[in-house]
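Trainee: Could you take me through one part of this model in close detail? I would like to see how the sheet is put together and what packs around it.

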Amino acid sequence: MAEMAQLHLFPFFCGTPSKLAFFLLLSIFLSLPVGHLAEEGTLGRHCLENPPTLNSSYGAGSVKEIGGLKAYVSGHSHSKRAILLVSDVYGYEAPHLRKIADKVARSGFYTVVPDFFYGDPFVANTSRTVQDWLKTHGTDKGFEDSKPLIAALREKGIRAVGAAGFCWGGNVVTKIAKTDLIKAAVLLHPSWVTLDDIKAVKVPIAILAAELDNGTPPKLLEEFKSVLSQHKVKNFIKIYPKVKHGWTVRYNDSDATAVKAANESHKDMLRWLTKYVKKT
C-alpha cells in the first residue's frame, strides 16, 4: 500500500516544498502498521464480513444467568475448570461460536459464553454503524462485567478459569489477562490490542492471527512475542496462512478450506487452554 502511494505521489515531487513535505508525511503515515494506529471505534474491513444468522436455541447447552449476565453454557456443571469464550460484535447467539463452546465442553471444561451486549449485538446492514454501536458496547465495559461473572463461577466451585476471545472479545480477554482472574488466555484475531497491552499481560497467552489482517500485522506480532519473552510470560503466537480476520468463527460452512483452517485454530486454542487450565 505504501509503495503504491509513493508511486502515485511522484508527479508532485517537482512541486513546491510544502507539497513535497505534505506528501512525504502522508506516505510515511500510510506505511505504518495498522495495529499501531487502530483505536476502539474503528474496525478493519474484514471485521464485519460474513455476519452470522443468530439462533437463540442453537447448541447442545443452555442459557443461564451467571454473575448478572445471560450466558450460553455447555458442559458438566460439576467440572472444576471453566473456559470463558468472549464473542465478536455479533454476540453470543452466533451458531459457530456455540459450536466451538460445545467442542471445548467435550474436553471436560464448563464453557461459558456471556451476553456482554445485553441482548443488543451489532446488526449488519442497518442504519446504526458499528462506530455508533461501540459507543455503548466498549471493551472496558466487557472487562468490568467479566469480574462478577468469574466471581460467580468461583462461588459455584470452579477452581481455574481460562478465557478466549474473538475480535472484540480478544480485546476484552487481553484486559482480563492483565489480572489474576484467569490462568491462561487465547486471542483469536483480536482487535485494538497494543504493545502496551501485551506488556501488562500476566498469564500464559496464545495469539492466533490471520495472515490477511492489518490489525495485527506480522511486525506487531513479532513485537508481542519479544516483549512476552522478555517478561517471561509463556506464549504461543501463530500466523495462519491465506486466511483473514474472523476466520475462526465466521467461516463459510460450504468452503472446505475455510472449515479446515478454522478447525485448526480451535485445536490450537484448546491445546493451550488444556495445558494451562485443565492441568492446573
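Mentor: Happy to! A term to settle at the start: a residue is buried when its relative accessible area is under 20%, exposed when it is over 50%, and partly exposed in between, using a 1.4 Å probe and protein chains only. Helices (H or I, at least four residues) and strands (E, at least two) are DSSP runs, numbered from the N terminus. This is a predicted model, in which local features need pLDDT of at least 70 and side-chain atom pairs count only at pLDDT 80 or more, while totals for chains, interfaces and linings use all residues. Residues are numbered from 1 along each chain as its sequence is written, and side-chain values use heavy atoms, with hydrogens and water left out.

Let's begin with strand 6, where five of five residues are buried. In a regular strand the side chains alternate between the two faces of the sheet. Here Ala-184, Val-186 and Leu-188 are buried on one side, and Ala-185 and Leu-187 are buried on the other, so both faces are covered. Strand 6 runs parallel to strand 5, and five bridges join them; one bridge partner pair is Ala-163 with Ala-185 of strand 6. Two strands count as paired if DSSP finds at least two bridges between them.

Zooming out, strand 6 belongs to an open sheet of eight strands in the order 1-2-4-3-5-6-7-8, with mixed pairing. Strand 1 (62–66) and strand 8 (235–244) are at the edges with a single partner strand each, so one side of each has no neighbour in the sheet. From one strand to the next, the twist averages 25°. Elsewhere in the sheet, strand 3 (residues 81–86) and strand 4 (residues 110–114) pair in the parallel sense over three bridges, and Val-112 in strand 4 is the bridge partner of Leu-84.

Now for the helices. Helix 7 (residues 168–176) lies across strand 3, strand 5 and strand 6 (184–188), at about 145° to strand 5. For such angles, axes are lines fitted to C-alpha atoms, for helices over the stretch in contact, and the angles run from 0 to 180 degrees between N-to-C directions. Contact means heavy atoms within 4.5 Å. Helix 4 (residues 95–105) lies across strands including strand 2 (69–74), to which it runs at about 55°.

Helix 10 (residues 256–278) also meets strand 6: the cover over its buried residues includes strand 6, strand 7 (205–212) and strand 8. Those buried residues include Ala-261, Met-269, Leu-270 and Trp-272. With 23 residues, helix 10 reaches 31 Å from its first C-alpha to its last, close to the 33 Å expected at 1.5 Å a residue, where the expected span is 1.5 Å times one less than the number of residues.

One aromatic pair brings us back to the sheet edge. Rings of Phe, Tyr and Trp (its six-membered ring) pair if their centres lie within 6.5 Å; planes under 30 degrees apart count as stacked, over 60 as edge-to-face and the rest as tilted. Phe-236 and Trp-272 are stacked, at 6.3 Å centre to centre and 25° between the planes. Phe-236 lies in strand 8 and Trp-272 in helix 10, so this pair ties together parts 36 residues apart in sequence. Phe-236 is partly exposed, with a relative accessible area of 30%, whereas Trp-272 is buried at 9%.
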